[in-house]
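This report goes through side-chain interactions in one protein model. It covers charged groups, aromatic rings and cysteines in turn.

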Amino acid sequence: MRQGELADRALARVIDGIPQRERAFAQELTYGVLRMRGRIDHRLSQVVTRPLREIEADALDALRIGAYQLLDLNGIPPYAAVSESVELVKPRGSGVAGFVNGVLKGLQRARDLRFPSLERDPAGYLTTWGSHPRWLVERWLKHYGAEGAAALVEADNRRPELCIQPLTMSAADAVATLAAEGLAADVLDAPTGGIRLTHGDVAHALRLVPGIVQDPAARLVTRYVEPDPGDVVLDLCAAPGGKALGLAQQAAYVAAADLSFARLGRVRENFARLRDQDVQVNGGLVVADARRPPFRRADIVFIDAPCTGTGTLRRHPDGRWRLQPADLKTLVELQREILSEAVPLVPVGGLLVYATCSLEPEENELQMEWLRKMDPRFEPAPPASFPVQLDRRGQLRVLPHEHGFDGAFAARLRRVR
């Protein structure tokens, strides 16, 4: 992961083939340390006599893993947390091993670890106890105020639920089907017809209940597109494919395009799995660059744009540390390039639907203001009815701390001339 590999992909590669119980512990340890890294580092900085940035990377990783087990993970004996962390760095030499042992034992004895106050220093508190990078915290304090930013950070630090969107049965029937086979699930409160898997293997669940793993926010975006049964949809940034599969249940045909052949592999696997389960999937795959789309016009052009992903940081906690302020500007420029190339594909009367999983105005509302200024032929065209409140322009805006699931944005525009 230090080399930039995404946490979920790196972890899947490492734990492949190990027993389920060990796999679950590895997942908890990996995601827990990533989620709480800011809090862990603040604690460590109070018992280490040098800046953390000067500590060798392997030693710092071992310290974070040990500190998480000592202070945030219930059920782990302190001696085990310390000794296992020391074992991780023994190949680096006795000096490194002794250093890790000493720091963790000092952390175990510490009784006066201090954190900034939310009332007096909200940015300091949300950066350390809240475990988010300061630049992002300062943005959210500006947009949501101290109370809203604190609620958002708290939502990010909750373990994400595993949600399944059934495609051939109701949520209640899906829960009953899983229960009959010893798997536990319940119906989500979100108005999406989804379920929450609380016990059991997800692959087994999907064999019993044809569907897709999908957060309610993503499902709401799919519903927001609202294609007519005869529509042809171009999904220009389709991978990993959950929204394309959802749209393929509603439209006459979905062309699911993505620049990455490898990422389209996941879409292809899901298309094939569902077709094997006799689910109608009206679509096909195309390897294509959204900045140079090789398509003619279509009834709906859907852009699930590359973005900062700040609405999904509870699900991808490594994202908060990988993302840098300069990335926002780069992604805004990329989004505008894709939008500019998508506009000619929309006929008069057709729809352009733009979506992100970002919370940042520059990627969402401000992009739509830029588009309407660039091309006034496009006007807001929200769905006639929708199960959650839209903003004054008819745009979908989902916030983790208000809705209880991932963040998302979507705007639906019609070309009027």
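A salt bridge here is a side-chain nitrogen of Lys or Arg within 4 Å of a carboxyl oxygen of Asp or Glu. Lys and Arg count as positive and Asp and Glu as negative, while His and the chain ends are not counted. Buried means under 20% relative accessible area, exposed means over 50%, and partly exposed is in between (1.4 Å probe, protein chains only). The model is predicted: local features need pLDDT of at least 70, side-chain atom pairs count only at pLDDT 80 or more, and totals for chains, interfaces and linings use all residues. Residues are numbered from 1 along each chain as its sequence is written, and side-chain values use heavy atoms, with hydrogens and water left out.

**A buried acid without a partner**

Asp156 belongs to helix H8; helices (H or I, at least four residues) and strands (E, at least two) are DSSP runs, numbered from the N terminus. Which side chain of opposite charge is nearest to Asp156? That side chain is Arg320, 5.0 Å away, and Asp156 has no salt bridge although it is buried. Contact means heavy atoms within 4.5 Å. With its neighbours within four places in sequence left aside, Asp156 touches Arg35, His132, Trp140, Leu313, Arg314 and Arg320.

**Salt bridges**

The whole structure has 26 salt bridges. Three of them are listed below.

| Acid | Base | Closest N–O distance |
|---|---|---|
| Asp58 | Arg92 | 3.5 Å |
| Glu362 | Arg139 | 2.7 Å |
| Asp186 | Arg196 | 2.5 Å |

In the salt bridge of Asp58 with Arg92, Asp58 sits in helix H4 (residues 57–71) and Arg92 in the loop between helix H5 (78–89) and H6, so the bridge ties together parts 34 residues apart in sequence. Asp58 is partly exposed, at 29% relative accessible area, and Arg92 is also partly exposed, at 46%.

Glu362 and Arg139 meet in a salt bridge. This pair links distant parts of the chain, 223 residues apart: Glu362 is in the loop between strand E9 (351–356) and helix H16 (365–374), and Arg139 is in helix H8. Glu362 is partly exposed, with a relative accessible area of 25%, whereas Arg139 is buried, at 17%.

The bridge between Arg196 and Asp186 runs from strand E3 (residues 195–199), which holds Arg196, to strand E2 (residues 184–187), which holds Asp186; the two parts are 10 residues apart in sequence. Arg196 is buried, at 18% relative accessible area, and Asp186 is partly exposed, at 30%. Elsewhere, Asp215, Arg314, Arg315 and Asp406 are joined into one network by salt bridges that share partners.

**Aromatic rings**

Rings of Phe, Tyr and Trp (its six-membered ring) pair if their centres lie within 6.5 Å; planes under 30 degrees apart count as stacked, over 60 as edge-to-face and the rest as tilted. How many aromatic pairs does the structure hold? There are 2 aromatic pairs.

Phe115 and Trp129 have ring centres 5.1 Å apart and planes at 85°, so they form an edge-to-face pair. Phe115 is in the loop between helix H6 (94–109) and helix H7 (122–128), and Trp129 is in the loop between H7 and helix H8 (134–156), 14 residues apart. Phe115 is partly exposed, at 26% relative accessibility, as is Trp129, at 31%.

Tyr224 and Phe386 have ring centres 5.7 Å apart and planes at 90°, so this pair is edge-to-face. The pair links distant parts of the chain, with Tyr224 in helix H11 (residues 216–225) and Phe386 in the loop between strand E10 (378–380) and strand E11 (396–398), 162 residues apart. Tyr224 is buried, at 0% relative accessible area, and Phe386 is buried at 18%.

A charge sits over a ring if NZ of Lys or CZ of Arg is within 6 Å of the ring centre and within 35 degrees of the ring normal. Arg39 lies over the face of Trp129, 3.6 Å from the ring centre. Arg50 lies over the face of Phe99, at 4.6 Å.

**Cysteines**

A disulfide is a pair of cysteine sulfur atoms within 2.5 Å. The whole structure has 0 disulfides. Why is Cys307 not bonded to Cys357? The sulfur of Cys307 has its closest cysteine sulfur in Cys357, 3.5 Å away, which is too far for a bond. Cys307 is buried, at 18% relative accessibility, and Cys357 is partly exposed, at 27%.
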